[in-house]
Amino acid sequence: MSNGGDDVTSVGRGAQDAHRKPVTAARLYDYYLGGIHNFPADREVAKVLLERTPKLRTIARDNRAFLARAVRYLMSVGVHQFLDIGSGIPTEGNVHEIVQAVAPDARVVYVDIDPHAVSESLELLEGNQFATAIRADVREPQAILDHPRVRGLLDFDQPIALLLVAVLHFVEDSDEVRDIVTTFRSALAPGSHLVVAHATIDELIVDERRWEKTQKDYRQQTTTSLVPRKKSDVVRFFDGFEMVEPGLVWLNAWRPEPDMVDEFKDEPERSSFYVGVGRLP
Ligand SMILES: C[S@@+](CC[C@H](N)C(=O)[O-])C[C@H]1O[C@@H](n2cnc3c(N)ncnc32)[C@H](O)[C@@H]1O
């Protein structure tokens, strides 16, 4: 079994922070999605954020739906290995469930800084020999790439999908984020893919003060900062990749499916998320 043994493996500087402050992005997100893996302190902060941005629940749900569409697309083009970083607390439609329903031996490694997210993932993956979870910090990409359980499950000579879905906006410095993606890219074989979903405040000028408060709340009350970025910054994470159609677009505009309910149809910028998939030539 790949997920036994040293279970919640700690790598990186975020490990200490996660213990210091009670509220984490993982549990806030779980609350937005209607999950049960959150505590009173998380709910208190989440409620304040939801009052300010009631669409947060919709954004979280639509982000999960994008993740599922992207993963189904990747399976359809023959990618059967997934490195899902900032994977979160397991919820409906987890990556391994989507991919292993199609290919039972498809490989998934979940990575998250949040010990709770990792232990819940490991519990769910008990007995699953093709999926595991490790605790690590996306800001230390080489430690993730060198991790024995990552190397044990994923074959880096074959295409891998690197999922950085709703996680890079928790990393503060733009240069650092680009270096992180470059380090991962250098380790990937041709045919690998990068999937990014990223918060932005582009075209939400009227809401800027509200966002400033939201950023302040994340910085002061949670273990992570929230850093929305401009489209021009997000697109640079795909340097070296060829964008898959339709490119970097608003959340629900990436290969929408016919039965999809889209609350942001008339004002896609209200989703405040850019998403895209790139292929490594
Ligand atoms: C909004 S959730 C996204 C979950 C999932 N990727 C999705 O899109 O449904 C963000 C996740 O990123 C994790 N995270 C934040 N900063 C991180 C870091 N530096 N390294 C690894 N994970 C991180 C949080 O713990 C949280 O579980």
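In this predicted model, a nitrogen atom of the ligand is 2.9 Å from a backbone N or O atom of Val138. Once bound, the ligand has 98% of the 600 Å² of accessible area that it has on its own covered by the protein, and the ligand sits in the largest cavity.

**Ligand surroundings**
- Two side chains place polar atoms beside oxygen atoms of the ligand, with a distance of 2.8 Å for an N or O atom of Asn63 and 2.6 Å for a polar atom of Asp112.
- Around the ligand there are 19 residues, and those that come nearest are Tyr29, Asn63, Gly86, Asp112 and Val165.
- By class, this shell consists of 9 nonpolar, 5 polar and 5 charged residues.

**Largest cavity**
- The structure holds 2 cavities of 30 Å³ or more, and the largest of them contains about 690 Å³ of space.
- Its lining is made up of 43 residues, with Ala25, Ala166, Val167, His169 and Phe170 nearest the centre, and the helix α4 contributes the most to this lining, namely 6 residues.
- Sorted by class, the lining of the largest cavity comprises 25 nonpolar, 12 polar and 6 charged residues.

**Second largest cavity**
- The second largest cavity has a volume of about 70 Å³, and among its 13 lining residues Ser87, Gly88, Pro90, Asn94 and Tyr110 are the closest to its centre.
- At least two residues of this lining come from each of α5 (95-102) and α6 (115-124), while the lining as a whole divides into 5 nonpolar, 6 polar and 2 charged residues.

Key. Residues numbered from 1 in each chain as written. Predicted model: local features only at pLDDT ≥ 70, side-chain atom pairs only at ≥ 80, totals over all residues. Heavy atoms only, no water. Near = heavy atom within 4 Å. Polar contact = N/O pair within 3.5 Å; in protein donor to acceptor, adjacent residues only side chain to side chain. Areas by Shrake-Rupley, 256 points an atom, 1.4 Å probe, with all protein chains shown as cover. 1 Å grid on protein atoms, 1.4 Å probe; cavity = no way out; pocket = protein on both sides within 12 Å on 5 of 7 lines; lining within 4 Å. Sits in = over half its atoms within 2 Å of the grid points. Nonpolar A, V, L, I, M, F, W, Y, C, P; charged D, E, K, R; others polar. Points joined across faces, edges and corners; volume = space filled by probe spheres on them. Helix = DSSP H or I, 4+ residues; strand = E, 2+ residues; numbered from the N terminus.
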